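Work through the exercises below with the sequence and model open. Try each task before reading its solution.

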Amino acid sequence: MSRRWTEAEELGIAEIRSRLKDLIAEQTPFPEVVGDRRLLRFLRGKQMNIDDATDLYRDFLVWRRKNSVDQIRQEILYGGRNSPFFFPKGKTIIDLAPQIIVTPHSRDRLGRPLCLEQYCFNPKDVLKVVTREEYLYFLTYALEYRAMVMEQLSHEMEEDYLRRFPREDDRVDGYGVILLDYTIRDLKGVGFNHLGSDGRAILKAALDIGLPNYPEYLGKSHMINVPTLFSTMWYFLKQILDEPTQAKFEFSGYDYLNNLQKDIAIENIPTCLGGEFELYNEPFTFDTSPTGPFGYAQAETDRAAFLRRTPRLTFDAATAEVRQAQFYDELHPASVTTAAASAASATATSTPPQTATNCKPSTAPPATATTNTKDTSKMASVTAASTPAAIAVTAKVTARAALTSTVTTAMAAVSNRVIGLVHFWVAFVAFAWQQHRWMTIGGGVSSLALLVYEPPAFHALVLVVLLVVVSRSW
């Protein structure tokens, strides 16, 4: 008789459930939260260390309750928020920081769904229009959405396998499916702004939420537009990473398209990267049937208790369609008010923009020059009194302002470089020093040379190293 998971995995799942029996009983039994796949992601993320996986999963359940993530789950599933554009502040953030959360319509050659992260934006622009709390809220939606999409795709692949092999004797041990993603990270546009306070705030938010609560979703990370000199750093860095972690990463320079096509067909590469895939955070159709991946066997009294606990949630599919239409109307305000236009709008599907545009850093519109009456009269009087003394005073003020501006700019540049270098050293040295001191020294020398020789490449280098290091348990 075949097993769905390996014997070690089944024992690990049973042990976690036994240790956290009371805490799991308090959690609404959503399959993607308390099911085998979710528990196995924690186990595999901790290399099957049951103690570490149990601690991490316990913290996950507590975090989930504290932050009302069950409500976010229901909004995504039944509340019409089935596209990242429909998340709170979703369109605003995605327009500024281009990304594809996950799409089932583009996959690599191993069948892994595509995710895309682009860094051609200034973190300050994002935090000017949304608060840090709003960004965290969006990020939680995005991670929960990805987990739910991956759960359904895993469920569908496993169901397809069971249909092809209806007899248990014909199935292999460990036939259960836990799908991972294929993430492209485009480093074009990376600069010191990504290492400043705003950039660190965004990165820290992603790590604080993603790493402990959504482990083992990354199948492969292909970083493109990586500085040429990074190959030297990678030689040192890969020595302190185990082989499974090394296999998760691939790096391509500015001529990346041929390398990408080894992993993913041209029709599945986004158009903004030179491919043919045009969909962009399109709505996902969730299977909400009782026997689907999100159905759970539960007595009516338990369900009623859950609804009382979170009364704003809805299980009504019709209501979900109305909510989705409302979200679309909010994103696309009607430009006409005639009855015919309203009727046409009502029949249109609530599909957000589906074509990815070329990634361009956001730029604020030039400020309009304004001058008050007092300043105008003062300037007029100075202009009228074009005496040598007035000219000398004006020249001195202008020179002083220019010098102040130059010094301020230089100090900011030096400060940013120092901050970037310090953060790189903290991330790299803390990770490598204990076991590989010579590699740490070599990597540090390489980074210093890169900082002097090619500053823009150094910015990308720091981000690459941080992403590699933290992705060990992603």
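Helices here are DSSP runs of H or I with at least four residues, numbered from the N terminus. The model is a predicted one.

**Exercise 1. Place Lys 124**

Task: State which helix holds Lys 124, and decide whether Lys 124 is buried, partly exposed or exposed.

Solution.
- Step 1. Lys 124 belongs to helix H8, which runs over residues 123-129.
- Step 2. Buried means under 20% relative accessible area, and exposed means over 50%.
- Step 3. Lys 124 has 43% relative accessibility, so it counts as partly exposed.
- Step 4. Now look across the chain. Gly 196 is 72 residues from Lys 124 in sequence, yet their C-alpha atoms are 9.2 Å apart.

**Exercise 2. Take stock of the chain**

Task: Find how many helices and strands the protein chain has, and what share of its residues is buried.

Solution.
- Step 1. The secondary structure consists of 20 helices and five strands.
- Step 2. The chain has 474 residues, and 46% of them count as buried.
- Step 3. Turn to the surface. The accessible area is about 24000 Å², with 57% belonging to carbon and sulfur atoms.
- Step 4. Take the contacts with a separation of 6 or more. Residues 24 or more positions apart make up 80% of these.

**Exercise 3. Judge the confidence**

Task: Work out where pLDDT falls below 50, starting with residues 360-386.

Solution.
- Step 1. The chain average is a pLDDT of 76, and 60% of the residues score at least 70.
- Step 2. Residues 360-386 have a pLDDT below 50, and this stretch makes 12 contacts in the model beyond near neighbours in sequence.
- Step 3. Residues 430-436 also stay under 50, with 12 contacts beyond four places in sequence.
- Step 4. Where pLDDT is low, predicted coordinates should not be read in detail.

**Exercise 4. Analyse helix H1**

Task: Check the length of H1 against its expected span, then identify its buried residues.

Solution.
- Step 1. H1 covers residues 7-19. At 1.5 Å a residue, its 13 residues should span 18 Å.
- Step 2. The end C-alpha atoms are 18 Å apart, so the two values agree.
- Step 3. The buried residues of H1 are Glu 9, Gly 12, Ile 13 and Ile 16.
- Step 4. These cover an arc of only 100° around the axis, which puts them on the same side of H1.
- Step 5. The general rule is that an α-helix has 3.6 residues a turn, so residues three or four places apart point the same way.
- Step 6. Leu 11 and Ser 18 are exposed, on the face turned away from the buried side of H1.
- Step 7. Packing partners of the buried residues are helix H2 (21-26), helix H4 (36-45) and H5.

**Exercise 5. Follow H4 into the loop**

Task: Establish how many residues of H4 are buried, and describe Gln 47.

Solution.
- Step 1. H4 is mostly covered, with eight of its 10 residues buried.
- Step 2. Among them are three arginines, Arg 37, Arg 38 and Arg 41. Phe 42 and Gly 45 are also on the list.
- Step 3. The cover includes H1, helix H3 (31-34), H5, helix H9 (132-164) and helix H10 (197-213).
- Step 4. Gln 47 comes just after H4, in the loop between H4 and H5.
- Step 5. Phi of Gln 47 is positive, near 50°, and Gln 47 is not a glycine.
- Step 6. With 58% relative accessibility, Gln 47 counts as exposed.
- Step 7. Set Asn 281 beside it. Asn 281 has a positive phi of about 55° and is not a glycine either.
- Step 8. Asn 281 lies in the loop between helix H13 (257-263) and helix H14 (300-309). At 1% relative accessibility, Asn 281 counts as buried.

**Exercise 6. Describe H5 from cap to end**

Task: Find which residue caps the N-terminal end of H5, and test the span of H5.

Solution.
- Step 1. Asn 49 is the cap. One of its side-chain oxygens lies 3.1 Å from the backbone nitrogen of Asp 51.
- Step 2. H5 has 17 residues, 50-66, which should span 24 Å at 1.5 Å a residue. Its end C-alpha atoms are 24 Å apart, in agreement.
- Step 3. Buried residues of H5 include Leu 56, Tyr 57, Phe 60 and Trp 63.
- Step 4. Asp 52 is also in H5. At 37% relative accessibility, Asp 52 counts as partly exposed.
- Step 5. Asp 52 and Phe 42 are 10 residues apart along the chain, with 8.8 Å between their C-alpha atoms.
- Step 6. Ser 68 follows H5 and has a positive phi, near 55°.

Notes. Residues numbered from 1 in each chain as written. Heavy atoms only, no water. Helix = DSSP H or I, 4+ residues; strand = E, 2+ residues; numbered from the N terminus. Expected span 1.5 Å × (residues − 1). Buried < 20%, exposed > 50% of the residue type's maximum accessible area, 1.4 Å probe, protein only. Polar contact = N/O pair within 3.5 Å; in protein donor to acceptor, adjacent residues only side chain to side chain. Contact = heavy atoms within 4.5 Å. Areas by Shrake-Rupley, 256 points an atom, 1.4 Å probe, with all protein chains shown as cover. Arc of directions from axis to C-beta. pLDDT = per-residue confidence, 0-100.
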